[in-house]
Amino acid sequence: MTAIKMQTQKMHSCRRPKMQFLEIFTRSLIILCIALAIILSSISVCDGHWLFANAKVFGLWHFCIMEQHGVPNCTTDLNVASIDGLQVGLIFSRTAVSFGVVAAIFGLELLIVSQVCEDPHSRKKWSFGSQLVLLSFALSATGMLSFVIWLWNQVSFMGFTLTYWCQFTAVFLFFLNGISGLHIHSLMHLPIVHPGNM
């Protein structure tokens with residue numbers, strides 16, 4: 001009986017490092033994916049040219065008309081596009097996606113700090129960081145949807161530019177990794193059932 005108990009304890013002690021490695025690997029992967037999403041979203045927001053339609057380029061910051069030989073004539077006055085409410089609508093869109101990037105940066109910082117500095121508040125930092133990433137998802141998704149709504153009559157699937165799809169990918173990564181971060185946090189509060197107590 002003693003030998004069986006010792007063997008069971010040995011097996012349990014061998015499992016713990018594997019679970020710790022898997023947890024560290026998963027958390028590191030989440031941090032890496034969020035960092036990638038921030039890079040994609042930053043590029044997309046800074047470029048801002050999201051839609052090409054009828055020889056016109058609609059963006060968060062500029063409106064461009066393609067002239068002869070493919071030379072764009074751009075302006076920051078979005079009223080030139082002759083679409084009612086576009087100026088106000090795109091101000092809201094770019095504000096939402098910009099704050100989304102900011103929230104993601106602060107969330108990423110908290111996630112990294114929670115892993116580098118082990119203290120009693122590490123789990124709370126991880127949870128709050130994951131919540132900020134989900135907030136980033138909500139803001140970025142709102143900005144993207146409002147952009148599409150304001151330009152609904154101009155929208156076509158093939159008209160979206162590469163930078164728009166970069167933002168779409170970033171929004172998906174924000175959602176996926178924010179949910180994953182909170183799920184891992186919830187798993188840490190589950191009671192551990194030892195084999196000897198089963």
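A contact here means heavy atoms within 4.5 Å. By that yardstick, residues 24 or more positions apart account for 66% of the contacts in the protein chain with a separation of 6 or more. Everything below comes from a predicted model, where local features need pLDDT of at least 70 and side-chain atom pairs count only at pLDDT 80 or more, while totals for chains, interfaces and linings use all residues. Residues are numbered from 1 along each chain as its sequence is written, and side-chain values use heavy atoms, with hydrogens and water left out.

**Figure 1. The whole chain, before we zoom in.**
The protein chain has four helices and four strands; these are DSSP runs numbered from the N terminus, with helices being H or I of at least four residues and strands being E of at least two. Read from the N terminus, the order is α-β-β-β-β-α-α-α. Of the 198 residues in the protein chain, 36% are buried. Buried means under 20% relative accessible area, exposed means over 50%, and partly exposed is in between (1.4 Å probe, protein chains only). The accessible surface of the protein chain is about 12,200 Å², and 71% of that belongs to carbon and sulfur atoms. Those areas come from the Shrake-Rupley method with a 1.4 Å probe, and for residues only the protein chains shown count as cover.

**Figure 2. The nonpolar core.**
A nonpolar core is a set of buried Ala, Val, Leu, Ile, Met, Phe, Trp, Tyr and Cys residues joined through side-chain atoms within 4.5 Å. The largest one here has 37 residues, and Ile34, Ile38, Trp50, Phe58, Phe147, Tyr164 and Phe174 have the most contacts inside it. Helix H1 (2-47), strand E1 (49-53), helix H2 (86-116), H3 and H4 each give two or more residues to this core. In soluble globular proteins, nonpolar side chains tend to be buried together. Pick out Phe147 and, leaving aside neighbours within four places in sequence, you'll find Phe147 in contact with Trp50, Leu51, Phe58, Gly59, Leu60, Leu90, Ser93 and Tyr164.

**Figure 3. Aromatic rings around Tyr164.**
The structure holds ten aromatic pairs. To count, rings of Phe, Tyr and Trp (its six-membered ring) need centres within 6.5 Å; planes under 30 degrees apart are stacked, over 60 edge-to-face, and the rest tilted. Phe147 and Tyr164 make a tilted pair, 6.5 Å centre to centre with 35° between the planes. That pair links distant parts of the chain, with Phe147 in helix H3 (residues 122-150) and Tyr164 in helix H4 (residues 162-187), 17 residues apart. Both Phe147 and Tyr164 are buried. Tyr164 also pairs edge-to-face with Trp165, at 5.8 Å centre to centre and 85° between the planes. Tyr164 counts as buried because its relative accessibility is 7%, whereas Trp165 is partly exposed at 28%. Step back and you get one aromatic cluster made of Trp50, Phe147, Phe157, Phe160, Tyr164, Trp165 and Phe168.

**Figure 4. The disulfide.**
There is one disulfide in the structure, a disulfide being a pair of cysteine sulfur atoms within 2.5 Å. Cys64 and Cys74 form the link, with their sulfur atoms 2.0 Å apart. The Cys64 and Cys74 link is right-handed, with 105° about the S-S bond. Cys64 lies in strand E3 (residues 63-66) and Cys74 in strand E4 (residues 72-75), so the pair ties together parts that are ten residues apart in sequence. Cys64 is buried at 2% relative accessible area, while Cys74 is partly exposed at 38%. As for Cys46, that residue counts as exposed, with 66% relative accessibility.

**Figure 5. Gln167, a polar side chain in helix H4.**
Gln167 lies in helix H4 and is buried, with a relative accessible area of 0%. Not counting neighbours within four places in sequence, Gln167 is in contact with Ser41, Ser44, Val45, Trp50, Val97, Ser140 and Met144.

**Figure 6. Ile184, Ser127 and a charge over a ring.**
Ile184 is in helix H4 and counts as buried at 10% relative accessibility. Setting aside residues up to four places away in sequence, Ile184 touches Thr26, Arg27 and Ile30. Ser127, in helix H3, is buried too, at 12%. The C-alpha atoms of Ile184 and Ser127 are 9.1 Å apart, with their positions 57 residues apart along the chain. Beyond four places in sequence, Ser127 contacts Leu182 and His185. The charged end of Arg27 sits over the ring of Trp126, 4.4 Å from its centre; that label needs NZ of Lys or CZ of Arg within 6 Å of the ring centre and within 35 degrees of the ring normal.
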